Amino acid sequence: MKHNLITKKFLSMAALLSASTGAFAQSAEAPTYYGEALDALSRNCAECHRPEGPNLGGVQAPFSVLNFDEAKIWAPLISLRLEDGSMPPWGAHQQHQGTFKNERYISDEDKQLLISWVEAGALEGDAKDQPTADELALSAPANEPTLAFVF
Ligand code: HEC
């Protein structure tokens with residue numbers, strides 16, 4: 001009986017230990033700018049957040065996501081705006097996804113990845129890992145609108 005209790009204790013300790021090594025393994029794999037974030041930022045944000053980004057009715061996106069130093073400075077606001085859904089700007093409800101050309105929904109995966117990148121400290125990673133210009137699926141520069149309503 002006593003033996004049994006000790007075994008149980010040992011097992012729960014082992015479970016605790018392996019849980020904590022699990023957490024360690026996770027933090028060792030924190031996403032980095034060059035490893036993962038740059039790709040998601042370029043696909044979802046660089047259309048506007050780039051050097052000399054488009055003039056959107058007198059407003060310009062305030063920083064370039066293609067530059068690590070700038071992205072790092074803005075990291076807390078990047079996750080805030082992703083969480084509150086105001087960036088990338090897209091007014092249509094999720095239920096209309098697929099209706100419009102050039103719509104700007106961000107996938108849950110990209111959103112989670114970027115928030116995790118910020119939460120892990122907006123790490124730079126190794127510039128050797130960065131996607132090449134060709135691999136960077138830069139979101140197309142804002143196109144000429146097919147239809148404009150002017151009031
Ligand atoms: C269609 C263009 C466009 C895209 C795409 C876009 N942004 Fe923006 N963003 C803007 C503009 C314009 C502003 C400045 C808004 C203003 O001054 O009111 C802005 C402002 C911001 C700000 C500053 C907000 C603040 O609170 O001061 C953050 C952070 C931001 N964007 C993050 C992002 C992220 C992250 C993405 C991609 C997931 C993204 N944006 C995609 C146009 C864009």
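In the predicted model, helix H3 (residues 68-83) supplies the largest share of the shell around the ligand, contributing 5 residues. In total, 19 residues surround the ligand, and the closest are Cys45, Cys48, Leu77, Met87 and Pro88. The character of this shell is mainly nonpolar, with 14 nonpolar residues set against 2 polar and 3 charged ones.

Besides its part in the ligand shell, H3 packs against helix H4 (residues 108-119), the two axes coming within 9 Å and crossing at roughly 145 degrees. The crossing of H3 and H4 is left-handed. On the H3 side, the contact is formed by Ala75, Pro76, Ile78, Ser79, Leu82 and Glu83, and these residues are met on H4 by Lys111, Leu114, Ile115 and Val118. Sorted by class, the residues in this contact comprise 7 nonpolar, 1 polar and 2 charged.

Both of these helices also receive helix H2 (residues 33-44), whose buried residues pack against H3 and H4. The buried positions of H2 are Tyr33, Glu36, Ala37, Leu38, Ala40, Leu41, Ser42 and Asn44. In its geometry, H2 falls short of a straight helix: its 12 residues place the end C-alpha atoms only 14 Å apart, whereas a straight helix would reach 16 Å at 1.5 Å a residue. H3 is thus described here both as a contributor to the ligand shell and as a partner of H4 and of the buried residues of H2.

Key. Residues are numbered from 1 along each chain as its sequence is written. This is a predicted model: local features need pLDDT of at least 70, side-chain atom pairs count only at pLDDT 80 or more; totals for chains, interfaces and linings use all residues. A residue is near a molecule or strand if its C-beta atom, placed from the backbone, lies within 6 Å of it. Helices (H or I, at least four residues) and strands (E, at least two) are DSSP runs, numbered from the N terminus. Ala, Val, Leu, Ile, Met, Phe, Trp, Tyr, Cys and Pro count as nonpolar, Asp, Glu, Lys and Arg as charged, and the others, Gly among them, as polar. Axes are lines fitted to C-alpha atoms, for helices over the stretch in contact, and angles run from 0 to 180 degrees between N-to-C directions. A crossing is left-handed if the near helix is turned anticlockwise from the far one by less than a right angle, and right-handed if clockwise. Two residues are in contact if their C-beta atoms, placed from the backbone, lie within 7 Å. The expected span of a helix is 1.5 Å times one less than its number of residues. A residue is buried if 20 or more other C-beta atoms lie within 10 Å of its own, exposed if 12 or fewer, and partly exposed in between; C-beta atoms are placed from the backbone.
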